[in-house]
Structure formats: structure tokens, C-alpha cells
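User: Please take a close look at a single part of this model, one that suits a detailed description, and explain in connected prose how its elements are put together.

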Amino acid sequence: MASKVLDWDGNLIDYVDGSMTWFGMGYKREVEKPDTGEFDVAKDVLFGTGAAMFVRAELYREVGGFDERFFMFYEDVDLGWRLNLLGHRVRYVPGSIAYHKHHATMNKFGSFRESYLLERNALLAIYKNYDDESLAKALPAAMALAVRRSFARTGTDTTALDLQRSPGGDESGTLQIEKMALTGPYAIDYLVEQLPSLMETRAELQALRRRSDRELFPLFRHAIEPAYAVESYLEAHRVLIEAFGIAEHFVSRQRVLVVTGEPLLDRMAGPAIRAWEIASALSGDHDVRLLSTGGAHVTSDSFEVVHATGKRLREATDWADVIVFQGFLLEGAPWLVESSKILVADVYDPMHLEQLEQARDLGPGGRDLAVKETTRVLNEQLRRADFLLCASDKQRDFWLGQLAGQGRVNASVYDEDESLDSLIAVVPFGIPAEAPVQTRHAIRDAVAGIGPEDKVILWGGGIYNWFDPLTLIRAVDRLRVRHPDVRLYFMGLKHPNPGVPDMRIAWETQQLAKELGLVGSHVFFNEGWVPYAERADYLLDADVGVSTHFHHVETAYSFRTRILDYLWASLPIVATDGDTFGTLIARHGLGRTVPAEDVDALELALEEMLYDTDAAEQARQSVRQFAGGYVWSTVLTPLVEFCRLPRRAADLRYRLGEPETMAHPFERRTSVRSDAALTLRYLRAGGVGEVGRRAAGRVRRVLGGGTST
């Protein structure tokens with residue numbers, strides 16, 4: 001915690017914020033301004049002034065306290081910077097006030113000594129605390145600027161110091177230089193002298209880094225300020241900024257890469273839509289690229305859209321500070337597992353549960369392999385991700401169980417945040433903030449057999465093995481007897497991603513509709529896929545949105561994204577119960593829920609929502625009230641907040657971009673003492689034979705042998 005510091009009389013500001021230049025010099029922008037109450041707002045800062053700061057003694061000792069190599073200046077800057085990059089926060093609290101006898105200590109030092117200490121300690125601070133990329137840009141320019149600043153303080157004309165020829169034409173002559181002009185060179189020499197110990201300190205510090213430089217740059221406040229106004233110095237500052245790309249690098253915007261395996265087309269499925277909306281939400285604050293490994297044929301004015309695999313995928317991931325991904329990215333980009341990139345895994349789709357149904361048509365061997373491989377891929381994501389997104393509270397409980405099985409629910413994560421919200425957050429699918437607008441009729445009077453006054457039931461997506469359209473068709477077949485004007489329209493039959501196989505249930509659905517004589521009269525199939533930008537034309541032609549599924553484990557943890565479109569269009573909803581939305585529909589009166597595979601119940605629910613005007617209108621009103629909580633800008637808040645302050649997960653430790661060797665969290669660590677204790681325990685349990693059996697088992701495990709029978 002940093003206090004507000006006033007002068008001795010309490011009238012003028014001495015400290016209210018810790019600012020810093022890119023070349024490492026901490027300064028106080030508001031010093032000697034009147035204390036008018038303008039600065040009475042608490043905020044995060046890079047450092048607290050040594051005049052008045054508070055830190056827990058245990059933490060102070062843990063991070064190494066003040067660095068004694070500094071002496072006099074910037075120890076407070078270095079400590080605050082270090083705390084921030086380690087994941088802590090330094091908070092300016094204006095209610096804590098201190099009074100300061102301004103610069104009383106400096107009476108012992110002349111301006112030469114003070115300037116020298118400022119120059120050298122700034123170089124020490126940036127060497128220790130910048131990450132590799134920032135240090136490579138800043139250090140050479142900072143050293144050059146230190147030399148120019150030294151000359152600028154004396155008013156020396158550096159053009160006269162031409163060492164290609166002797167000054168004054170006398171080869172044996174001497175050159176007199178003011179001490180002030182040597183402060184920069186001496187500072188650089190001190191840095192070189194301290195490098196052996198600094199290298200060790202830097203390696204230890206960077207290995208524990210939790211927050212990126214780009215995350216901390218906003219705390220610098222005005223990093224590009226030159227801090228001095230001498231003309232020759234200002235020109236050097238400008239040239240060095242340009243030559244080393246300082247201004248472009250020292251910005252607070254994160255470089256965020258959003259990755260999906262789905263094609264980015266006019267006709268997009270749920271995962272691609274979600275990735276698109278994530279990129280849109282983040283593009284206001286950050287530099288965003290939306291990348292598809294499956295193809296990209298659309299563009300955006302807000303962010304860059306790219307298709308990349310192989311070498312281009314490596315280039316894209318190298319560019320990013322934060323990578324938000326879904327699907328199988330780590331399979332195509334294995335280098336990310338051992339990188340220092342901040343990874344956000346979007347696991348809103350429990351793919352391994354989905355494969356239990358989707359891979360059913362692959363035969364026993366293919367199905368087992370699909371489930372095992374998908375589970376392996378997800379486990380690798382769970383082990384590596386710094387932050388995870390899921391779609392519901394129920395899903396979060398499910399994923400926490402799997403995270404615990406991977407050792408990610410551990411003391412480090414728990415001690416940082418007992419709720420574990422810093423590890424996994426609920427980010428459901430969302431809807432646009434703008435109400436849908438119909439530009440044309442896409443179903444009524446547009447599809448042969450569906451008139452303007454017919455009652456339209458909308459199936460708003462594809463037909464997959466985990467859904468139950470068969471019960472729905474049987475219910476419509478019964479309902480048409482009493483209501484000949486009922487129509488069922490399937491918005492999508494074939495998934496827009498060619499990598500998704502055709503599913504048996506889609507064929508069975510069409511066959512049943514044909515057998516019952518419903519195709520073209522009461523049941524209609526869109527053979528393709530509705531373009532994302534045109535879906536409102538279909539939704540607003542419907543009277544009811546429907547979603548029916550079988551009862552199995554995928555149901556329990558699913559999040560039916562098509563229902564979000566129903567919410568957007570204010571449609572009453574009829575759905576099978578048992579999933580997240582089934583509970584929400586019943587609790588909030590959004591329509592009706594029915595048991596799985598219950599034709600009678602489904603028929604009655606559809607009839608009520610189609611033909612009972614009062615019940616349908618009440619459901620519509622409830623949907624309108626409920627839908628506001630699901631706009632994209634609201635549901636994506638946890639991700640937006642994370643990307644403003646991205647951080648390494650508490651239990652992941654990386655050293656300069658390379659992973660430290662980490663044992664599996666449940667792997668038994670062996671030692672002579674532990675082996676002796678085990679031997680004694682086995683002797684007591686089963687004698688020498690038991691010891692021999694256990695020893696043989698360990699040998700087989702080490703050498704990779706099979707198990708005995």
C-alpha cells in the first residue's frame with residue numbers, strides 16, 4: 001500500500017502516483033501541486049514511494065526486500081515493480097497520509113552524485129524487471145540515452161568531442177570534461193560490474209513472473225515522456241524511440257489471438273460464432289487477431305481475420321501475448337505447451353462427452369479411440385491453461401472435478417483465490433445487444449408449403465446424434481390432426497464444417513418424416529446452413545423455438561447454443577428437461593419443458609405455446625426479461641477483465657519462456673529415506689516375498705515392461 005505524501009506543512013503534493021519512463025527512471029508527476037482533493041481516488045500503481053509505504057513483513061522478506069545494490073534511489077521503484085510482476089498489487093490509498101521533509105537527505109550529496117545514482121539504478125531496475133522482449137528493446141537505447149543525458153546536463157556540445165582527431169589539433173593534448181558528463185558512462189560501467197549477480201537475480205525473478213510487461217505498462221502512465229527538455233537530448237530521445245521501436249512496444253494494449261478450428265464463413269456454427277464474438281468484445285481494448293485453422297472467408301473492421309496452419313500458425317502464436325482457444329489447438333501448436341504465453345482454454349463444449357454420441361457411427365474401435373483422444377487433448381489443455389472458460393455453473397463443477405484429477409486444484413491456486421474463480425469462470429454463449437431485425441421473410445411465404453398464417457415450430461440448428469428430433473416429428477404428426485396449420489422447420493441439416501461427419505440421426509429424421517408423409521406439408525428441411533447474418537429472418541418467422549434431446553450424460557453438461565437465438569428473438573421455448581436450459585426455462589417461465597422421449601407431453605407443450613395466446617405471450621415477456629443477462633457484453637465480462645490483467649496461473653512456473661521441470665502432482669517422489677520406510681512397511685505386511693514383488697514392479701515401471709498375470 002502506498003500513502004498520499006504531502007510536504008511538511010501539508011499543503012503541497014509530494015507523492016500520489018508512481019510513474020516511470022521506459023528507460024527506468026521513476027518520477028512523481030504531481031510533485032509540488034496543491035492538495036486540492038483531485039488525487040483522492042484509490043488506484044493501482046507501479047510502486048509506492050519509500051517515504052511512506054506498507055507491505056506485509058512476510059511478503060517483503062519473501063520477495064527479497066529492497067535491493068542493496070541500489071542505494072538511495074529507486075529501491076522503492078524496483079520493489080514495487082517486482083511485486084507487480086510477481087502477481088501482487090501496489091495500491092495507492094489516499095486516506096493514508098504522511099508528511100515529508102522534502103529531500104533533507106540529499107544535502108549530503110552534490111548533483112553529480114545524485115545524477116550518477118539515478119542513472120545507474122534505473123539501468124539496474126530495467127535489467128532485473130523487464131521481460132526478454134522488453135529488455136532487448138529498452139536496454140541498448142537506455143544506455144545510449146544515459147550517455148546523451150549526461151552531456152546534455154552540462155551543456156556540452158558533443159559535436160566538438162570528435163575523437164577521430166585530437167580536439168584542438170593537438171594529438172598529445174588533454175580534454176577536460178565535467179564530472180556530470182560522466183554520470184552516464186559510469187552508470188553503464190556499474191551495471192557491467194554488477195552483471196554476474198544481476199544475471200542470477202534476473203533469472204530467479206523472471207522464473208516466477210506472473211504478469212506480463214504489457215499488462216504492467218499502463219502503470220508506467222506516460223512511459224514515452226523524455227523527462228528532460230534540453231534540445232540535443234530530446235532529438236536523441238526521438239531517434240532512439242524510432243530506431244528501437246520503443247513507442248510501438250510500450251503500449252498497454254494486449255496482443256490477443258483468438259483461435260478456433262471451425263471455418264470462418266458466412267455460414268458459421270456455434271464454435272466459430274463464439275470465437276467471433278470473443279474477438280469483437282476484446283478488440284476495443286486490445287490488438288486482436290481471429291485465427292481459424294479450418295479456413296477464413298470473412299473479414300471484420302474491428303479485428304484481423306486470418307487462416308493459418310504450420311509455419312503461419314507459429315508466427316501468429318509468437319505475435320500474441322494472450323491466446324484464447326477452443327478445440328485442438330495444442331495438437332497443431334505443441335510449442336505452446338512449453339511457452340510463456342498466457343493461454344485461455346475455452347472448454348464450453350465438453351467434447352469428450354459429445355464424442356460418446358458423435359462417434360457412435362465409427363464402430364467400437366473408432367468410437368473408443370475418438371473418446372480417448374479427445375479426453376487426452378482436453379486433459380492437456382487443463383494442465384496447461386492459465387485460465388479456463390465454461391458455459392454454466394453445472395459445467396464448472398464438472399470441469400473442477402477434472403481439473404482436480406489433473407492436480408490443478410492445489411494449494412497455490414487455492415491460496416491465491418479460495419473461490420477458484422481465478423482459474424475457471426462461467427462464460428455462457430451470448431446474444432447480440434441489438435434486437436433482431438427482419439429484412440425479408442425466410443420461411444413464411446418463402447418456403448413452399450408454409451403460408452403467412454401457419455404456426456411455425458423452429459429447430460434452430462443442426463441435427464446431431466445427441467438430439468432427439470424423432471420424438472418431435474411424432475409429436476407434430478399427432479398435433480397436425482387437430483391443427484392442420486402446424487409446420488416444423490429445421491434450419492440446418494448439414495454442418496458448415498466439412499470436417500464434421502454426417503450423423504445417422506439426421507438420416508433417420510428424414511426417413512421418419514417421409515414414412516409419416518410429413519415432408520413438404522408439415523415438416524421442412526433446410527438442406528444447407530443459414531448464414532449467421534441472416535438468421536434473424538428465420539427466427540422472426542417462427543412462433544416457437546424447440547430443442548429436444550435424449551437423456552444421457554452429455555445432456556447433463558451441455559449448453560444448447562441454439563436456445564440463445566430463441567432468447568434473442570423472444571420466442572417461447574419448448575425443450576426437453578435435464579440440461580442447464582431445461583432448469584432455466586422452468587424456473588423463469590420461458591416456455592415449457594418435457595421429459596425425454598415423451599411424445600404426449602411434447603405434443604401438449606407445443607400446442608399450448610402455439611395456440612394458447614395468453615400462455616405464449618406470458619412466455620414471450622419472460623424471455624424478453626431474461627434475455628438481457630445473456631448479451632455478449634455481459635457474459636464475456638470475466639474474459640474481458642482477465643485480458644485487461646492477464647496473468648500466469650498461480651501453479652504454473654516458467655523460466656524465461658522454458659518450463660521448469662515439474663513432477664506430476666501425484667507422482668511419488670523417491671529418496672533413500674522414503675525407500676527405506678517403504679521397505680520396512682512391506683516387510684511388516686508380507687515379509688521378504690512382498691518386498692521382492694514390489695521391487696520387481698518398480699523395475700518393470702522404470703523399464704517400461706508389462707504387468708504380470
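Analyst: Contact means heavy atoms within 4.5 Å of one another. Among contacts in the protein chain between residues at least 6 apart in sequence, 74% join residues at least 24 apart. The model is a predicted one, in which local features need pLDDT of at least 70 and side-chain atom pairs count only at pLDDT 80 or more, while totals for chains, interfaces and linings use all residues. Residues are numbered from 1 along each chain as its sequence is written, and side-chain values use heavy atoms, with hydrogens and water left out.

The protein chain holds 26 helices and 21 strands, taken as DSSP runs numbered from the N terminus (H or I of at least four residues for helices, E of at least two for strands). Of its 709 residues, 52% count as buried, a label for under 20% relative accessible area with a 1.4 Å probe and protein chains only (over 50% is exposed, in between is partly exposed).

The part I would single out is an open sheet of six strands with parallel pairing, whose order is 16-15-14-17-18-19; two strands pair if DSSP finds at least two bridges between them. At its edges lie strand 16 (523-525) and strand 19 (591-594), each of which pairs on one side only. Ignoring direction, neighbouring strands of the sheet are turned by 20 degrees against each other on average, where axes are lines fitted to C-alpha atoms and angles between N-to-C directions run from 0 to 180 degrees.

Strand 14 is a useful place to start, since four of its five residues are buried, leaving the strand mostly covered. On one side, strand 14 runs parallel to strand 15 (residues 486-490) and is joined to it by five bridges, and within this pairing Leu458 has Tyr489 of strand 15 as its bridge partner. The same two strands, together with helix 16 (residues 469-482), make a right-handed β-α-β unit, meaning that, with the strands pointing away from the viewer, the path from the first strand over the helix to the second runs clockwise.

Strand 14 also runs parallel to strand 17, to which three bridges join it, and there Trp459 stands opposite Val546 in strand 17. The pairing continues from strand 17 (residues 544-547) to strand 18 (residues 573-576), again in the parallel sense and over three bridges. Val546 takes part here as well, with Val574 in strand 18 as its bridge partner, so that one residue of strand 17 can be followed to Trp459 and to Val574. Helix 20 (residues 561-568) packs on this sheet, where it touches strand 14 (455-459), strand 17 and strand 18, and the direction of helix 20 makes about 170 degrees with that of strand 17.

For comparison, another open sheet, of four strands in the order 2-1-6-5, has mixed pairing. Its edge strands, strand 2 (13-15) and strand 5 (43-45), each pair on one side only, and the average turn between neighbouring strands, direction ignored, is 50 degrees there. Strand 1 (residues 2-7) and strand 2 run antiparallel and are joined by two bridges, with Leu6 standing opposite Ile13 in strand 2.
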